[in-house]
Amino acid sequence: MKKSNWLIRMVMLAMFVALGVVISPILRVEGMCPMAHLINITCAVFMGPAYAFLDAVLIGVIRMVLMGIPPLALTGAIFGAALSGIFYKVSKGKIWAAVLGEIIGTGIIGAIVSYPVMTYLWGRTELTWFFYVPSFICGTLIGGSIAFVLLLHMQATGNLKKIQNALKDVDTTKEKVA
């Protein structure tokens with residue numbers, strides 16, 4: 001990868017993390033953070049599953065440390081971010097697939113994983129396995145809908161492809177043959 005391309009990717013990742021930390025309190029109630037899902041899907045579409053996963057981890061850790069958010073900041077983001085990027089890649093660039101990945105990853109997997117984390121690490125023993133599923137799905141539907149509209153508009157204007165091309169991995173290991 002070119003050094004300048006690496007720098008652009010790191011700057012974009014830092015911007016996603018900063019934006020995610022700043023806008024995550026908007027519409028947030030425990031177990032539902034729609035703006036985080038907007039960031040997860042957008043990052044997954046722009047940069048791919050690995051960067052979306054890293055973005056979700058960084059945002060979650062910062063929110064936990066600075067804002068006192070419980071571990072839901074991680075369990076409610078990392079699975080959806082990764083699956084969003086994977087589904088987008090496997091579908092060969094379908095935005096709806098990225099949204100579906102976020103809904104399955106966060107709304108179902110993340111919600112179910114949250115039970116043992118919140119019960120055994122956070123001491124919330126009054127909860128059941130499916131306590132978080134409705135609010136997580138609701139949050140992903142809200143954030144996913146916003147991301148879907150945003151990304152469809154960017155796709156229609158050609159800006160999505162421009163951003164993806166600017167962030168694309170470039171293989172510089174091949175030598176030119178004279």
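## Aromatic pairs

Rings of Phe, Tyr and Trp (for Trp, its six-membered ring) are said to pair if their centres lie within 6.5 Å, and the planes of a pair count as stacked when they are under 30 degrees apart, as edge-to-face when they are over 60, and as tilted in the rest of the cases. A search of the whole structure, carried out with this rule, finds two aromatic pairs. In one of them, the rings of Tyr-132 and Phe-136 have their centres 5.5 Å apart and their planes at 50°, so this pair is tilted. A pair of aromatic rings is described by the distance of the centres and the angle of the planes.

Are the two residues of this pair buried or exposed? A residue is called buried under 20% relative accessible area, exposed over 50%, and partly exposed in between, with a 1.4 Å probe and protein chains only. Tyr-132 has a relative accessible area of 1% and is buried, and Phe-136, at 3% relative accessibility, also counts as buried.

## How the model is to be read

This is a predicted model, in which local features need pLDDT of at least 70 and side-chain atom pairs count only at pLDDT 80 or more, while totals for chains, interfaces and linings use all residues. Residues are numbered from 1 along each chain as its sequence is written, and side-chain values use heavy atoms, with hydrogens and water left out.

## The overall fold

Helices (H or I, at least four residues) and strands (E, at least two) are DSSP runs, numbered from the N terminus. By this reading the protein has eight helices and zero strands, and along the sequence it follows the pattern α-α-α-α-α-α-α-α. The radius of gyration of the protein is 17 Å, close to the 16 Å that the globule rule gives for 178 residues, so the protein is as compact as a globular protein of that length; the radius is taken over C-alpha atoms, and the rule is 2.2 Å times the number of residues to the power 0.38. Taken along the principal axes, the C-alpha atoms fill a box of roughly 70 × 30 × 25 Å.

Buried residues make up 48% of the 178 residues. Contact means heavy atoms within 4.5 Å, and of the contacts with a separation of 6 or more, 69% are between residues 24 or more positions apart.

## Helix 6 and its contacts

Ser-114 has its place in helix 6, which covers residues 95–121, and this serine is buried, with a relative accessible area of 0%. When neighbours within four places in sequence are left aside, Ser-114 is in contact with Leu-72, Thr-75, Tyr-132 and Phe-136, and the last two of these residues are the ones whose rings form the tilted pair.

Ile-112 also has its place in helix 6, but at 26% relative accessibility this isoleucine counts as partly exposed. Leaving aside neighbours within four places in sequence, Ile-112 is in contact with Trp-129, Phe-130 and Val-133. Ile-112 and Gln-164 are 52 residues apart in sequence, and their C-alpha atoms are 33 Å apart in space.

## Two loop residues and a residue of helix 1

Where is Pro-70 found? Pro-70 is in the loop between helix 3 (49–67) and helix 4 (72–75), and this proline is buried, with a relative accessible area of 9%. Not counting residues up to four places away in sequence, Pro-70 touches Arg-28, Met-64, Met-118 and Trp-122. From C-alpha to C-alpha, Pro-70 and Ala-82 are 20 Å apart, with their positions 12 residues apart in sequence.

Lys-92 is found in the loop between helix 5 (78–90) and helix 6, and this lysine is exposed, with a relative accessible area of 74%. Most residues other than glycine have a negative phi. Lys-92, however, has a positive phi of about 60° although it is not a glycine. Ala-18 lies in helix 1 (residues 3–23) and, at 43% relative accessibility, counts as partly exposed. The C-alpha atoms of Ala-18 and Pro-116, which are 98 residues apart along the chain, are separated by 29 Å.
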